[in-house]
Amino acid sequence: MSKGLPKRSEDYSLWYNELVKRADLAENSEVRGCMVIKPYGYSIWEKMQAQLDKMFKETGHDNAYFPLFIPKSYLSKEASHVEGFAKECAVVTHYRLKNSEDGKSVIVDPEAKLEEELIVRPTSETVIWNTYRTWIQSYRDLPLLVNQWANVVRWEMRTRLFLRTTEFLWQEGHTAHATKKEAMEETIQMLNVYAEFAENFMALPVVKGVKSANERFAGAEETYCIEAMMQDGKALQAGTSHFLGQNFAKAFDVKFATKEGGLDHVWGTSWGVSTRLMGALIMAHSDDNGLVLPPKLAPIQVIIVPIFRDDEELDAITAKAKEIMNKLIPLGILVRFDNRDTFKPGWKFAEYELKGVPVRIAIGPRDLGKNTLEIARRDTLTKETVDLNETDIGDFITQLIEDIQQNIYQKAFNLTKEKTTEVNSWDEFTEVLENKGGFISAHWDGSAETEEKIKELTKATIRCIPLDLEMEEEGHCVLTGSFSKGRVLFAKAY
RNA sequence: CGGGGUGUAGCGCAGCCAGGUAGCGUACUUGCAUGGGGUGCAAGGGGUCGUGGGUUCAAAUCCCGCCACCCCGACCA
């Protein structure tokens with residue numbers, strides 16, 4: 001087995017899987033369709049969580065926690081909701097095990113059958129709205145702005161690390177409002193929070209849009225989303241924000257006394273992002289040497305690698321490294337010194353590249369003599385020698401980290417732009433889809449039948465109808481030639 | 001659930017057709033040299049060959065059953 005990763009250009013899936021494993025992010029569990037997130041991978045998720053949580057709090061939301069189990073009857077209260085999730089639910093039917101008769105194994109005790117089966121939540125709308133009924137009486141109880149960090153289970157037929165696993169970690173916001181307008185504003189606000197997070201922290205440019213009816217969340221009146229383009233030309237839905245109308249309020253009988261003395265159903269929203277964002281982060285930026293992390297989400301931003309032959313040299317280098325760390329740490333820079341003598345410098349270089357650490361500082365005997373450092377950046381794989389007599393290391397690294405964050409975003413932005421093509425005919429549509437991939441901006445007649453037909457013919461789906469006003473332009477559907485109100489984005493998707 | 005495939009050391013695989021003492025790469029342990037890009041050489045530990053049965057003097061190998069997993073399709077954040 002070679003030590004390098006498979007080449008991205010040769011087999012994108014293989015490259016992705018190997019990268020996830022080799023960078024110590026996650027691995028498949030022996031448990032069907034489930035994933036073990038390893039400490040390094042989880043530390044990246046924690047940074048994402050912390051930032052998102054901060055943004056939720058800043059927009060007035062508080063965290064709560066609701067049950068993992070949902071009584072089967074709850075799920076069936078909202079008709080389209082149950083239809084959307086029924087095919088992928090894990091169901092708890094018994095509550096006890098016992099020894100088999102030959103004593104060699106453990107079996108489910110047939111006596112311990114539940115009267116009503118429990119569903120392991122695929123999403124929490126039902127259990128939360130059932131609770132909201134008791135929390136909301138008056139307009140004074142509104143708006144109710146709650147978020148939950150939780151795990152959910154969807155029994156998917158086929159799974160992929162981070163992108164689609166049977167169990168996944170996510171955040172789901174569930175809000176209730178007195179008016180339609182307010183709920184709609186909340187839906188858009190959270191969409192914007194997601195887009196801001198993706199662009200400013202993940203360095204991931206996204207297209208904000210609204211889903212077609214076919215792709216809409218089960219139980220929502222409107223689903224907004226952010227869509228991102230991966231390096232292989234496939235799109236990834238990175239987050240969704242749903243306007244639920246009064247659907248769940250009606251299904252769970254959540255009414256409130258209005259200011260005017262009337263009684264009305266509340267208006268709802270729900271919105272979520274998951275560990276799938278990790279997949280987006282990996283696929284959008286990484287290269288043949290491994291992961292490339294935007295500094296704002298890197299658990300280690302700067303790694304210092306000493307190059308030494310004996311303890312004496314290591315001691316001298318350690319003193320220098322400490323000096324540098326003492327300058328960087330107060331600036332909030334996450335720096336680590338890898339003084340292990342169990343691995344070689346070259347091995348460490350490769351390892352930290354694989355793990356996407358943005359900046360590497362190498363210090364060897366030569367540097368000590370000249371008061372220099374070798375500073376390498378992960379995004380461009382370039383190295384330079386920095387003279388400490390002339391440079392303030394704190395300023396230098398602060399600036400470098402900002403540059404890297406910016407550069408990674410710019411690269412992803414250019415890629416998205418390069419992989420977005422406007423087409424005006426069916427021939428062009430299929431040609432671009434086959435040879436280039438990416439987003440295809442095309443006219444669509446607005447009908448579900450046409451959308452379905454295109455999916456059948458090409459596997460491309462409508463990723464979203466962009467909110468961007470520049471896209472608004474009348475024309476003719478690429479497939480049917482019928483009237484179209486504006487361009488939509490098609491792509492093959494994860 | 002349909003179609004195809006695979007189960008042999010932690011991981012990746014060869015051996016099976018033509019039955020005869022269990023192999024390779026990597027990882028792991030030890031020693032010596034090495035150390036500015038995954039270091040080299042040497043030695044060593046580790047396997048009820050998925051599982052149950054059958055054929056045979058002899059089964060990883062042939063035959064029958066079962067189980068598990070993977071890939072392609074349907075489903076999907």
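These questions and answers walk through a predicted model of chain A with RNA strand B.

Visitor: How many helices and strands does the secondary structure of chain A come to?
Guide: Start with the frame. The C-alpha trace of chain A spans about 80 × 70 × 55 Å along its principal axes. Its secondary structure comes to 14 helices and 27 strands.

Visitor: What percentage of the 494 residues in chain A is buried?
Guide: A residue counts as buried when 20 or more other C-beta atoms lie within 10 Å of its own. By that cut-off, the buried share of the 494 residues in chain A is 40%.

Visitor: Of the contacts in chain A with a separation of 6 or more, what share is from residues 24 or more positions apart?
Guide: Take the contacts with a separation of 6 or more. Residues 24 or more positions apart account for a share of 69%.

Visitor: Which element gives the most residues to the surface near RNA strand B?
Guide: There are 37 residues around the strand, and Met-157, Gln-237, Gly-346, Gly-364 and Arg-366 come nearest. Elements giving two or more residues are β13 (235-245), α10 (345-354), α11 (365-370) and β20 (372-377). The top contributor, with 8 residues, is α10.

Visitor: How many charged residues does the surface near RNA strand B have?
Guide: Split that surface by class. Nonpolar residues number 12 and polar residues 7. The count of charged residues is 18.

Visitor: At what angle do the axes of α9 and α12 cross?
Guide: Two packed helices are described by the distance between their axes and the angle between them. For α9 (residues 311-328) and α12, the axes come within 9 Å. The crossing is right-handed. Its angle is roughly 65 degrees.

Visitor: Which residues in α12 meet α9?
Guide: The contact of α9 with α12 divides into 4 nonpolar, 1 polar and 1 charged residue. From α9 come Ile-324, Lys-327 and Leu-328. Their partners in α12 are Ile-393, Gly-394 and Ile-397.

Visitor: Is Leu-415 buried, exposed or partly exposed?
Guide: Leu-415 lies in helix α12 (residues 393-418). Beyond its neighbours within four places in sequence, Leu-415 is in contact with Met-229 and Gln-231. It has 18 other C-beta atoms within 10 Å, so Leu-415 is partly exposed.

Visitor: How far apart are the end C-alpha atoms of α6?
Guide: Helix α6 (residues 180-200) has 21 residues. At 1.5 Å a residue, it should span 30 Å. The distance in the model agrees: 30 Å.

Visitor: Which elements do the buried residues of α6 pack against?
Guide: The buried residues of α6 include Ala-183, Met-190, Leu-191 and Phe-197. Glu-186 and Thr-187 are also among them. They pack against α2 (39-58), β10, β11 (207-210), β12 (222-229), β13 and β16 (267-274).

Visitor: Which of Phe-162 and Lys-459 is buried?
Guide: Most residues other than glycine have a negative phi. Phe-162 has a positive phi of about 70 degrees, and phi of Lys-459 is near 70 degrees. Lys-459 has 11 other C-beta atoms within 10 Å, so Lys-459 is exposed. With 26 such atoms, the buried residue is Phe-162.

Visitor: What is omega for the peptide bond from Leu-142 to Pro-143?
Guide: Most peptide bonds are trans. The bond from Leu-142 to Pro-143 is cis. Pro-143 lies in the loop between α5 (125-135) and β9 (144-153). Omega here is near -5 degrees.

Technical notes. Residues numbered from 1 in each chain as written. Chains lettered and ligands numbered in written order. Predicted model: local features only at pLDDT ≥ 70, side-chain atom pairs only at ≥ 80, totals over all residues. Helix = DSSP H or I, 4+ residues; strand = E, 2+ residues; numbered from the N terminus. Buried ≥ 20, exposed ≤ 12 C-beta atoms within 10 Å, placed from the backbone. Contact = placed C-beta atoms within 7 Å. Near = placed C-beta within 6 Å. Nonpolar A, V, L, I, M, F, W, Y, C, P; charged D, E, K, R; others polar. Axes fitted to C-alpha atoms, helices over the stretch in contact; angles between N-to-C directions. Left-handed = near helix turned anticlockwise from the far one by under 90°. Expected span 1.5 Å × (residues − 1).
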